[in-house]
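Here are some exercises to work through with the model open beside you. Try each task before you read its solution.

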Amino acid sequence: VTEIRIYSFMIKELCQQFPQGITDQVIQNDMPHLEPQQRAMAINKLLSLGQLDLLRNSAGLLYRMKDTQTASKMKGSDNQEKLVYQIIEDAGNKGIWSREIRFKSNLPLTEINKILKNLESKKLIKAVKSVAASKKKVYMLYNLQPDRSVTGGAWYSDQDFESEFVEVLNQQCFKFLQSKAEAARDSKQSPMVQRNSSFATSHEVWKYICELGISKVDLSMDDIETILNTLIYDGKVEMTVIAAKEGTVGSVDGQMKLYRGVNAIIQPTGLVKVPCGLCPVFDDCHEGGEISPSNCIYMAEWLDF
Amino acid sequence: MTAQEVRLCGLLLQEHFGDVVEKVGTHLLRNGAQHLRAIVQETGTPMDLVKKSLCVLIQHGACAFSSGRKGPGSPVEYQASFERILRILRYPRYIYTAKTLYGDTGELIIEELLQRGHMTMSSTVKTVADRLTLNMEEGHSMEYSEVSNTFSKLVETHFLQRCPPVEVAGKAVSATPDPATTPGAPANNTTPSTPESFADCYKVPHVTLIGRGKRRNSSEDGEDQRNAKRAKEDPETHGDEGIYWQVNFERFHLHFRDQAIISAVANKLDQMEFVGKSGDSGGGMYVVNLHRALANLARATLESVVQERFGSRSARIFRLLLRKRHLEQKQVEDFAMIPAKEAKDMLYTLLSENLVQLQEIPKTPDHAPSRTFYLYTVNQLPTARMLLQNCFKTVANLIERRLFETKESKRLLEKSQRIEAILASLQASGAEPEQLTEVEEMITPPEKQQLESLRHHINKLDSAENQVDETIFLLESYIKSTATATR
């Protein structure tokens, strides 16, 4: 047994020598007299002590020195905790839901919750509320930055959708495009030239917004495009796509998106200029009823206007 | 026929032709084609009044007759046309368009023809000349030839057309059709003929019309009657007897449609969806895709309604659904960038108003709600139909309110009319200014204000009817165009 201890110590030294990890072959080369069985036992001891990491690559198994800080923290943990920790680590910055941890580890829920509480108090993992389902908590390693899909990205701060921020961006983008269209109109050139010069690329809009400095978060061109899309759904802006040479500023996959402020194609339609068109009790109204054209208060107000 | 459509037609008929015609017309609209006896029995109206009502309706093209369905020999059946009656709402727009295109002369010609239904060219010209003369300076009058000129122009541009000649049921058509008077009418006419199936539809007849408009002076009532009698006995013929003209509504509609498209394009400077390239002949033939144009105008109308009724954020959601067709709740929130709670609220409101529909797509055969996709969607055509019915109800509401307001102030209106008549007669007989002011003061200031406010109300309601009719026009054109496109 003492021999195993010595062998473990020697293997550990080797690992420290090669921080990127060592294979069985390396160990064999260094200690040729070590039999495979004894080697295995020594490695297992180090693993159970939590001092080594077992990894697999294309060549075979790899043994690596475990990070001492976490190694010391994990010393008191048992295997179950280590398993859970491993699962959470694998989930990366997207985090993992407690139910999924249960599926992957096959441990009972009570155990899982105990372990999670433990790990959290040791500041090894943290819980992040997902913006998709506000009651769902995902767990990830303590020092990781949560992925955008969890936090909601630029539009969310602490789980709250920043409507005001979005609204401000919406207005600023529209103002930018509007002034560009006006400049084009004032230039008094032919209609086709006017139209073309009233377009702005998404890159141009992005640059303008960045320079305005109204955002405390970094906004990407994609973010700006989602804002511009809402302006399209408002009927205030239209978009065309043109082919662009690779490498042109702002082009993505050989294309560029162009945006332009536009007017509505019709004035508000006749029906809505009349009280009935906007009336909340339209369906209840009929001649001779309690609500009727003859006694309609909305009409009375509108007529006296 | 929907209840709203019948209600609106009833109101229009009553205002323009009176109670009796309204009764007969509404009855026909509700019950489809009927023969004379049935109408008399079911409406409880005397036979001669029914006959007169039918005449009025036929004269205005609102009713057509055809041989009975039970085969030759069965009584003639009459059928009212809902569409034609609805056109009454659009008369002001037709008259105004004629004015912008052909001046006051054009305006009056169209107005006369709309009021009378069918008229010969010569009687139209004479009446219009008289009316124009009335408004001219003393000593001036309108030449018949000038009016005839405008009339011919209206015919050339197809705004006026000949009324199709009537075939008497059962009578054999002459073997050698006379090209001047009876252009080729087929022997067995089972399909309804349009005015344009007759070759001379737009041919101006050769009329001898020499003269000028006659000015009527002093009081109108007595003179009018005497002149009317004289006209009846007047054997003056002008060579166009039996050739009657009517307004060609479809031609006006084409004009409105073109106007709507042009203004939409002007608003956007270009709308490449409207113009498609079809073929390369002559350096590229460009085609205005009318159906697409109308669909876009209808879409803009729907969007406008949602925007005004529910606000710009709901309008954003609506436009988003129109573009992307089917979206889940979450996707709507993400694309529209509206917080989840508010987006949900707005979607449910739109859903309850039937402007937005839910499509279920089950993932599993048991249709369990937790395993089903629920997609929001907008169906443009049914939504347009629904809004059109709303328009009909709205116009009917406006007309009813106008009638109500008039009825409320009936006493006051009658008083004001009496006073005006007294004033007019006093003025004609050369009264003293003091007498005139005395009479004027019979209307107290508060009454004057009431009259003024009533006038204001009536005008507002009137113009509102026209505005809603614009919406009706766009939606109807779109629905009709879709029906023919998908056939």
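Contact here means heavy atoms within 4.5 Å. This is a predicted model, where local features need pLDDT of at least 70 and side-chain atom pairs count only at pLDDT 80 or more, while totals for chains, interfaces and linings use all residues. Residues are numbered from 1 along each chain as its sequence is written, chains are lettered from A in the order in which they are written, and side-chain values use heavy atoms, with hydrogens and water left out.

**Exercise 1. Work out how many residues of chain A and chain B are in contact, and what area is buried between them.**

Step 1. Start with the contacts: 47 residues of chain A meet 46 residues of chain B.

Step 2. Turn to the buried area (the accessible area, with a 1.4 Å probe, that two parts lose on being put together, summed over both). For chain A with chain B this comes to about 4,200 Å², and carbon and sulfur atoms give 61% of it.

Step 3. Find the chief contributors in chain A: Tyr233(A), Ile265(A) and Leu303(A) lose the most area to chain B, together 20% of what that side buries.

**Exercise 2. Find the salt bridge across the interface of chain A and chain B.**

Step 1. Apply the rule: a side-chain nitrogen of Lys or Arg within 4 Å of a carboxyl oxygen of Asp or Glu. Across this interface the rule finds 1 salt bridge.

Step 2. Look at Arg316(B) and Asp234(A), which form a salt bridge with their closest N and O atoms 2.8 Å apart.

**Exercise 3. Describe the surroundings of Asp304(A): is this residue buried or exposed?**

Step 1. Locate Asp304(A) in helix α14 of chain A; helices are DSSP runs of H or I with at least four residues, numbered from the N terminus.

Step 2. Check accessibility, where buried means under 20% relative accessible area, exposed over 50% and partly exposed in between (1.4 Å probe, protein chains only). Asp304(A) counts as exposed because its relative accessibility is 56%.

Step 3. Look across to chain B: the side chains of Asp304(A) and His457(B) are joined by a polar contact of 2.8 Å.

**Exercise 4. Which residues touch the most other members of the largest nonpolar core?**

Step 1. Build the core from buried Ala, Val, Leu, Ile, Met, Phe, Trp, Tyr and Cys residues joined through side-chain atoms within 4.5 Å.

Step 2. Among its 107 residues, Leu54(B), Ile110(B), Leu160(B) and Leu321(B) touch the most other members. Helix α6 (residues 91-116) of chain B gives the most to this core, with 10 residues.

Key. Helix = DSSP H or I, 4+ residues; strand = E, 2+ residues; numbered from the N terminus. Polar contact = N/O pair within 3.5 Å; in protein donor to acceptor, adjacent residues only side chain to side chain.
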